[in-house]
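Me: Hello! I am new here and would be glad of a friendly tour. Shall we begin?

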Amino acid sequence: MKILVCISHVPDTTSKINFTNGDSEFDTNGVQFVINPNDEFGLTRAVWFKEQQGANVTVVNVGGPDAEATLRKALAIGADEAIRVNANPTDGFFVAKQLAEVVKSGNYDLVIAGKESLDYNGGMVPGMLAASLGYDFINSCINLEVNGGDVKAAREIDGGKETLSTKLPLVIGGQKGLVEEKDLKIPNMRGIMTARQKALTVLEPVAANNTTQAVKFEKPAPKSAVKLVSPDNLDELVNLLHNEAKVI
Amino acid sequence: MSILIYAESAEGKFKKTAFELASYAKKIAGETGDTVTAVAVNAADASQLGKYGVDKVLNVKNDKLTSFNAKAYADVVKQAVQKEGAKIVILSSNTDSLYMAPLVAAGLEAGYASNVVALPESTSPFRVKRNAFSNKAFNITEITTDVKVLALAKNSFGLVEASGAATEEAFAPTLNDNDFSIKVESSEKVSGKVTIADAEIVVSGGRGLKGPENWGMLEELASVLGAATACSKPVSDLGWRPHSEHVGQTGKPVASNLYIAVGISGAIQHIAGINSSKVKVVINTDPDAPFFKVADYGVVGDAFDIVPKLTEKIKEFKAQNS
């Protein structure tokens, strides 16, 4: 099985979010970048397939040279090789087109992406990629088993889960549940050393249209101070929730 | 021209988000001079949408579509868009709608903006405000294609009743076998409990509750309020509560009217996930807990003392006001 894991290079979840250049760009100053958490669950599952069932795992990112550190980390976790498509990932449709090209030329059977990235939260690349390849697509995937060409998977639904079956080739929009938090791998020294020797290929993008454009960013308005209620006066809390906030 | 919404239903009944989408679309239609068409699948009473501004409902009745299938449903919506010549297509942020939206957009070669939180800032150029950076910021996105697909964030517009009635039209899109290549084997749903996605009120517990055995009082508070229960990431990682209750940046997002956090300190990732909730209440022993910075109302004190008392107070309030 040939697996392609799509990796977004995103700010660490604890990052302070600021903008620059007239609020038109994310301010990367002092920000630590990581593998998008939803992608990391998928990567870990892919490495599990490699170790348990035999698979070749390639990681891919559409981004600038600064994303290479993130790809190296994915190699250290256990991917075999990496590809970077040298383009600014400003539009989901454009990114999906770039990834589709990588999938076609590499004949991947299984493509695992995160259901959304934690920076733009677009939630569109995996679905658009599947549509453009004509592959099946399972989103919010929380369990994935592959046996030969047969796939059993589960996806999260509102208030529960649904078990699905299909066949490869397939695109997954993954999240926590593909593996558990405790199964995530911290690269060890050997992994980091061998990652340096693994191939990281840089491809130039293919021509594709942008369908959207981020015009500007805004931060939420500052919040007014919390109203404290004494634990001995909970009637007041009920009153505020009813008469002021009007939520009960 | 028309604006098309996908009106999601479950077991024939429209979800509340269907009415919110209708209200939102009606408002845009009022400004652009369009009409609002809804496409619904196996809905029992399509006329309900008229109350929220829908002019016409394309009601698809098809046994093959009894359970949700993203590819087939996306095909239904695509064909409805083409039939109506719609230029603006609006879906909700429910799990199923978010699953199918990129398939719809790709099939129509349309630009897609998810997490939309307000009416378009302008319709020419077409610009919408959306949540980004896990609710830590907004992003104004311009969609540059002829057809535009939007997913409206839950609870971001509300319901607006309109006068008028919806005409119902049978609609039988062409479906092919390939639409059903993914089979649903089984589904498990918690019954009799409010889900986090549908809940108007969410009661959430953190490590401050000390152990899974102490969740009874939260469940009771939730039950009195008709609320869903949720938990912080550490609680789900410790296995005190199921993953499906984990809310936050890497868990489920919450956009309820009221979010009550009990014994949750308020890590930045947790806040990101619940920040779209309208009113936030925190109960915590530590007055310096970061949650107090983002909450609307706070009680400093012991949850084991406060939660049962609050439950009683709300019971009394409900008894007087029902």
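Me: Where in chain B is B:N42 found?
Reply: Helices (H or I, at least four residues) and strands (E, at least two) are DSSP runs, numbered from the N terminus. In that numbering, B:N42 sits in the loop between β4 (35-41) and β5 (56-60) of chain B.

Me: What kind of model is this?
Reply: Residues are numbered from 1 along each chain as its sequence is written, while chains are lettered from A and ligands numbered from 1 in the order in which they are written. Local features need pLDDT of at least 70, side-chain atom pairs count only at pLDDT 80 or more, totals for chains, interfaces and linings use all residues, and the model itself is predicted.

Me: Back to B:N42, then: is B:N42 buried, partly exposed or exposed?
Reply: B:N42 is a residue other than glycine, yet its phi is positive, near 50 degrees. A residue is buried if 20 or more other C-beta atoms (placed from the backbone) lie within 10 Å of its own, exposed if 12 or fewer, and partly exposed in between. B:N42 has 15 other C-beta atoms within 10 Å, so it counts as partly exposed.

Me: And B:N135, is B:N135 buried or exposed?
Reply: B:N135 also has a positive phi, about 70 degrees, although it is not a glycine. B:N135 lies in the loop between β9 and β10 (137-143) of chain B. It has 24 C-beta neighbours inside 10 Å, so B:N135 is buried.

Me: Which residue does a cis peptide bond join to A:L168?
Reply: Omega is about 0 degrees at this bond. The partner lies in the loop between β11 and β12 (170-174) of chain A. That partner is A:P169.

Me: What is the order of the open sheet of six strands?
Reply: Two strands pair if DSSP finds at least two bridges between them. In this sheet the pairing is parallel, and the order is β15(A)-β18(B)-β17(B)-β16(B)-β14(B)-β15(B).

Me: Which strands stand at the edges?
Reply: Each edge strand has a single partner strand, so one side of each is left without a neighbour in the sheet. The edges are β15 (227-228) of chain A and β15 (228-231) of chain B.

Me: What is the bridge partner of A:L228 in β18(B)?
Reply: β15(A) pairs with strand β18 (residues 297-300) of chain B in the parallel sense, over two bridges. Within β18(B), the partner of A:L228 is B:G298.

Me: Which residues is B:V300 in contact with, leaving aside its neighbours within four places in sequence?
Reply: B:V300 is found in strand β18 of chain B. Its 18 C-beta neighbours inside 10 Å make it partly exposed. Two residues are in contact if their C-beta atoms, placed from the backbone, lie within 7 Å. By that rule the residues are A:L228, B:N284 and B:P287.

Me: What is the bridge partner of A:T163 in β13(B)?
Reply: Strand β11 (residues 160-167) of chain A and strand β13 (residues 183-189) of chain B run antiparallel, joined by six bridges. In β13(B), A:T163 is matched with B:S186.

Me: How many residues of each class are on the side of chain B that touches chain A?
Reply: The contact takes 62 residues from chain A and 71 residues from chain B. On the side of chain B, the largest share, eight residues, comes from α3(B). Ala, Val, Leu, Ile, Met, Phe, Trp, Tyr, Cys and Pro count as nonpolar, Asp, Glu, Lys and Arg as charged, and the others, Gly among them, as polar. The classes come to 34 nonpolar, 23 polar and 14 charged residues.

Me: Which residues touch the most other members of the largest nonpolar core?
Reply: A nonpolar core is a set of buried Ala, Val, Leu, Ile, Met, Phe, Trp, Tyr and Cys residues joined through C-beta atoms within 7 Å. Of the 175 residues in the largest one, those that touch the most other members are A:V5, A:V111, B:A7, B:A22, B:V39 and B:I90.

Me: Which helix gives the most to this core?
Reply: Its contribution is nine residues, and the helix is α3 (residues 95-108) of chain B.

Me: How far apart are the centres of domain 1 and domain 2 of chain B?
Reply: The bounds, which come from an automatic or database domain assignment, give domain 1 (2-179) and domain 2 (196-320). Taken over C-alpha atoms, the centres are separated by 32 Å.
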